[in-house]
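Thanks for making time, everyone. Please have the viewer open, and we'll go through a few elements one at a time.

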Amino acid sequence: MSLTFKGGVHPYDGKELSKDKPIKEYLPQGELVYPLSQHIGAPAKPVVKAGDEVLAGQMIAEAGGFVSAPIYATVSGKVKKIEKRRVVVGDMVDSIVIENDGQYNTVEFHPVEDVSALSKEEIIEKIKNAGIVGMGGAGFPTHVKLSPKEPDKIDYIIANCAECEPYLTSDYRRMLEEPEKLIGGMKIMLSLFDNAKGIFGIEDNKPDCIKLLSDLVKDEPKMEVKALKTKYPQGSERQLIYATTKRAINSTMLPADAGCIVDNTDTIVSIYKAVKLGMPLMHRIVTITGDAIAEPQNFSICIGTNYRELVEAAGGFKTQPQKIISGGPMMGFAMFSLDIPTTKTTSALLCLTEDEVQKAEGQATNCINCGRCVEACPSRIIPSRLADFAQNHQAEQFEKWNGLECVECGSCSFTCPAKRNLLQAIRVMKKTVLANKRKK
């Protein structure tokens, strides 16, 4: 029986558009842009200046603090300038712009023959220096996550292979095509924690991945594959931990407080590349998909590549999209321009011929007290009431009714027959409450 959690929804998954498309390497043509904030924490600090020649794999910005991460050039060429450029969320962020010379000359990497000969400190240092962050979207620096206060209390390292967000297939292709690197990355992580066991949590709509990884780890006593029920948001950190271990965490806790560390598929493969192959984080898999895309694809891209180039590489638009989203339809960010650089946390570009949200906005009515949002909420809170508190600016009531426990998955808005934009109201109030807490 597949493992799961209470609540959740079943949106149309759209994965058939790209799931059978093998990963294709894409080499960028024009300039590449590297925002200095591609992670949670302090922005990186440039170590290059305009006019400098750089090689692929060369550090161009160093970590700006402990909770930060360095950034590496992904092509060879010349630094054109350092200036503010727009990113996915609409902000203007200090960025390094490199003119690609098309040569892809690379610095020399130094693979490690025997990873088991490295100390725990050396492994953490390699991960830190490689600039690895959570590549599932959060962007939390991985070396910080792998340095909990009490490492002996870590019981589980969970590979988030669920990929529950509709349309996304990059993790699916990574598991199918490079399972050895995923398992190699897990082995490296397990070597940091003496008491930990590795879990690969995979939704049961990926039976081929479940079988492949199960066969590969059958002789590994510290690793196992767990099949998860196909349901959104199965890949959310709290829901994944509960489904695989039956341990619960809330908004005041970290996974480490429940003896768990969770990392995304691509992040774990990047750990393998950094420690075993000596390569910094330079590439990632991105799904270009949606019913407006001529030939949906999974690309291995150089981080910093422009979204517009990737759309052209996927055959361009077969119809003009009404909605363009960075990420998936449930938690992604709507975009008004394609002239935006990809970053370490870019997972997908979704181009849809119809804007379902805009159509629904004109149809919103008052709450009909049906309780569907409560039933769907994986955090077991009452979204309709929290949205009322938010719209009436009742911050104390919002907090008293556990508004901060919302994981912002959007299940409530998705299931609401009154077409209320519940998540948006809750998200805005959450930001207000947390900002007020910081002031105090």
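In strand 17, which residue is the bridge partner of Ser 326? The partner is Leu 349. Keep in mind that this is a predicted model.

Let's stay with strand 17, residues 348-352. On one side, Ser 326 belongs to the pairing with strand 15, residues 323-326, which is antiparallel and runs over 4 bridges. Strand 13, residues 283-289, also pairs with strand 17, here in the parallel sense and over 3 bridges. Leu 349 turns up again there: Ile 288 stands opposite Leu 349. Strand 17 is mostly covered, with 5 of its 5 residues buried. Look at the side chains. Ala 348, Leu 350 and Leu 352 point one way. Leu 349 and Cys 351 point the other way. Both sets are buried.

Next, the open sheet. It has 4 strands in the order 11-10-9-12, with parallel pairing. Which strands stand at the edges? Strand 11, 223-228, and strand 12, 260-264. Each has a single partner strand, so one side of each is left without a neighbour in the sheet. Neighbouring strands are turned by 25° against each other on average, ignoring direction. Strand 9, residues 156-160, is joined to strand 12 by 5 bridges. Within that pair, Asn 160 has Asn 264 as its bridge partner.

Two helices pack on this sheet. Helix 4, residues 179-190, touches strands 9, 10, 11 and 12, and its direction makes about 145° with that of strand 10. Helix 5 touches strand 10 and strand 11, at about 165° to the direction of strand 11.

Helix 5 has another partner. Helix 3, residues 170-177, and helix 5, residues 207-217, have axes that come within 9 Å and cross at roughly 35°. The crossing is left-handed. Helix 3 brings Tyr 172, Met 175 and Leu 176 to the contact. Helix 5 brings Asp 208, Cys 209, Leu 212 and Leu 213. By class, that contact has 6 nonpolar residues, no polar ones and 1 charged.

Last stop: Gln 239, in helix 6, residues 237-245. Is Gln 239 buried or exposed? Buried, because its relative accessible area is 5%, and the cut-off for buried is under 20%. What does its side chain meet? A polar atom of the Gln 239 side chain lies 3.5 Å from the backbone oxygen of Pro 378. Beyond its neighbours within four places in sequence, Gln 239 is in contact with residues including Phe 5, Ser 379 and Val 407.

Definitions and conventions: Residues numbered from 1 in each chain as written. Predicted model: local features only at pLDDT ≥ 70, side-chain atom pairs only at ≥ 80, totals over all residues. Heavy atoms only, no water. Axes fitted to C-alpha atoms, helices over the stretch in contact; angles between N-to-C directions. Left-handed = near helix turned anticlockwise from the far one by under 90°. Contact = heavy atoms within 4.5 Å. Nonpolar A, V, L, I, M, F, W, Y, C, P; charged D, E, K, R; others polar. Buried < 20%, exposed > 50% of the residue type's maximum accessible area, 1.4 Å probe, protein only. Polar contact = N/O pair within 3.5 Å; in protein donor to acceptor, adjacent residues only side chain to side chain. Pairing = 2+ DSSP bridges.
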